[in-house]
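Dear colleague,

I am passing on the structure below, together with some notes on what turned up in it. Please read the notes with the model open beside them.

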Amino acid sequence: MVNSPKIKVAVLPIPEIMEINRSEHGIIKLSGYEGKFLQSILTKMDMEYEIVVPEDRQWGLQQDNGSWTGLIGMIERGEADMACTFLAMTDQRMEAVDFSSSYALEVYTFATHMPDSYKSNFAILHPFQATVWICLCGILVMTSIVYAQLQERKTSPGRIFYKLLASILKQPQEMHDKTRESSSLLLMWSLFALIISLSYSATLLSFVMLPSKEHPISTIHELSEAVQGGSHQCIASKDGSELMSLRNSKEDYLSKLGNIIYRNKWFVNSSSINSEYFIRQGRSQLIYKNLAKLLFGAREDISISEDSLMSRPLAIALNRKFCCKSDLNSAIS
C-alpha cells in the first residue's frame, strides 16, 4: 500500500448482500454476497480505501435537472471513486459515470407470496375433476336404465338410480326381484362402487391433510393482468433503471405494469428491500433473481418466478478520473 492513493468506495448496506462490519480497532471488513466479492477485489488491488454510504440510500436516479441521486450521484460529483452493490450497467448510467468490466449477468424477475390455503363451499367435489364427476353421473344413469330393462321394468330407473347411488355412499343396496343378468350387473356395479368410494375417501383425506392452495402468479403476463385488474400490487425500486425500462417498453403489458407502479408510488428502497411488509398476500416485488434467492430463498411462503423481464450486466461504477481501472478489471477477471 506504500504510495498508493486512498480511494472512496460507495456501497448500499443491505442485509445478507452488503454488510459493513467495524472491528474494535476501527478496521472495516465487508461481508455478505456482494460485500465479500468487493472485499476480495479491494484486497487484490492492495489500496487503502474508505467506505461511504449515500445519504438517500439509493442506487441512482436521474433527476429532471440531469443530476443523479444515490451511488451514481456520488460517483458523478466526485464524492466517491467506486460504487458497488448489485449495480446494473445501463446506457443512461454510462453517460454519467464509467464502469469496470462486467462481473455478472443478472435476470430481473419478481418474487411473490405463496397463496394461503383457501376454503370452498364446493370442497366436497375437489377429490375428483369435473370430467370424472360427469362420467360417474353418466355411468350411474346408464346402469340404472340397463338394470331396469333387465328387470323388465319391475322397478323404475329413478328408484334404481337412488339405490345405486346409495351403494357408492356405502349404504345397503336392497335390490329385489333380481334376475341372473341383473345380478351379474349388480356384482360389477358393487366392485365399481367400492373402487370409487375408496378412491374418493383417500383423495378427500389428502385434501384434509394438505389443504388446497390457489395457483400462485408465476409469469410476467399473469402479474401484469393481476395488477391491471386491481387484485394485486407490485413493488419496485424507484431509483432503479429497470422501472424506467418497464414504462418505456414496447410491450403493452409491460408498460402498463410499469406505469401503474409509478402512478401509485409502489416503491421500495434498498434499506427495506428484504422487508416482509413488501412481499405479502396480494403483493409482489420486482427484483433481481439472485438477489431474491439470497434474501428469500429459504422461505417456503415466497415464490421466485422463473420468468424474465430483462437481463442486465452488473459492474462497479467508476469516476471517470479513477486512476486504476485496468488494475480493477484485472482483479475482477
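**Overall picture**

Of the 333 residues in the chain, 43% are buried. Please keep in mind throughout that this is a predicted model, so that every value below was computed from predicted coordinates. The secondary structure comprises eleven helices and 13 strands. Among the contacts in the chain with a separation of 6 or more, 68% are between residues 24 or more positions apart.

**The largest pocket**

The largest pocket has a volume of about 300 Å³, and its lining consists of 16 residues, with Trp133, Leu136, Leu165, Ile168 and Leu169 lying nearest its centre. Three helices, α4 (130–150), α5 (157–168) and α6 (180–209), each contribute at least two residues to this lining. In composition, the lining of the largest pocket divides into 13 nonpolar residues, two polar ones and one charged one.

One of the residues nearest the centre of the pocket, Ile168, also leads to a residue of helix α6, namely serine 197. Serine 197 and isoleucine 168 are separated by 29 residues in sequence, yet their C-alpha atoms are 5.8 Å apart in space. When residues up to four places away in sequence are not counted, serine 197 touches Ile168 and Lys170. Serine 197 has a relative accessible area of 8% and is therefore classed as buried, the limit for that class being under 20%.

**The cavities**

Turning to enclosed space, the structure holds two cavities of 30 Å³ or more, and the second largest cavity contains about 50 Å³ of space. Ten residues line this second largest cavity, and the closest to its centre are Gly60, Trp68, Gln92, Asp239 and Ser241. Helices α3 (91–94) and α8 (241–247) each supply at least two residues of the lining. The lining of the second largest cavity is made up of three nonpolar, five polar and two charged residues. Which domains contribute at least three residues each to the lining of the second largest cavity? They are domain 1 (7–105 + 314–332) and domain 2 (111–117 + 214–312), so far as the lining is concerned, with at least three residues drawn from each.

**Lysine 289 and serine 305**

Two residues that touch one another deserve a joint description, since Ser305 is among the contacts of lysine 289 and Lys289 is among those of serine 305. Lysine 289 is found in helix α10 (residues 289–296), whereas serine 305 sits in the loop between β11 (302–304) and β12 (310–314).

Is lysine 289 buried or exposed? Its relative accessibility is 13%, and lysine 289 therefore counts as buried. The side chain of lysine 289 makes a polar contact, at 3.3 Å, with the side chain of glutamate 306. Not counting residues up to four places away in sequence, lysine 289 touches Glu106, Val107, Thr109, Ile304, Ser305 and Glu306.

Serine 305 is likewise buried, because its relative accessible area is 3%. Its side chain reaches two backbone atoms, namely the backbone oxygen of serine 218 at 2.7 Å and the backbone nitrogen of aspartate 307 at 2.9 Å. Apart from neighbours within four places in sequence, the residues in contact with serine 305 are Thr109, Phe110, Ser218, Thr219 and Lys289. Thr109 thus appears in both contact lists, touching lysine 289 and serine 305.

**Two residues with positive phi**

Most residues other than glycine have a negative phi. Against that background, aspartate 46 has a positive phi of about 55 degrees although it is not a glycine, and lysine 265, also not a glycine, has a positive phi of about 55 degrees. Aspartate 46 lies in the loop between α1 (33–45) and β4 (49–52), while lysine 265 is placed in the loop between α9 (252–264) and β9 (267–268). As for accessibility, aspartate 46 is partly exposed because its relative accessible area is 38%, whereas lysine 265, at 62% relative accessibility, counts as exposed.

With kind regards

Note on methods: Residues are numbered from 1 along each chain as its sequence is written. This is a predicted model: local features need pLDDT of at least 70, side-chain atom pairs count only at pLDDT 80 or more; totals for chains, interfaces and linings use all residues. Side-chain values use heavy atoms; hydrogens and water are left out. Helices (H or I, at least four residues) and strands (E, at least two) are DSSP runs, numbered from the N terminus. Buried means under 20% relative accessible area, exposed over 50%, partly exposed in between (1.4 Å probe, protein chains only). A polar contact is a pair of N or O atoms within 3.5 Å; within protein, one must be able to donate a hydrogen and the other to accept it, and residues adjacent in sequence count only if both atoms are side-chain atoms. Contact means heavy atoms within 4.5 Å. On a 1 Å grid over the protein atoms alone, a cavity is a set of points where a 1.4 Å probe fits but cannot get out, and a pocket is an open set with protein on both sides within 12 Å along at least five of seven lines; lining residues have an atom within 4 Å of a point. Grid points are joined across faces, edges and corners, and a volume is the space filled by probe spheres set on the points. Ala, Val, Leu, Ile, Met, Phe, Trp, Tyr, Cys and Pro count as nonpolar, Asp, Glu, Lys and Arg as charged, and the others, Gly among them, as polar. Domain bounds come from an automatic or database domain assignment.
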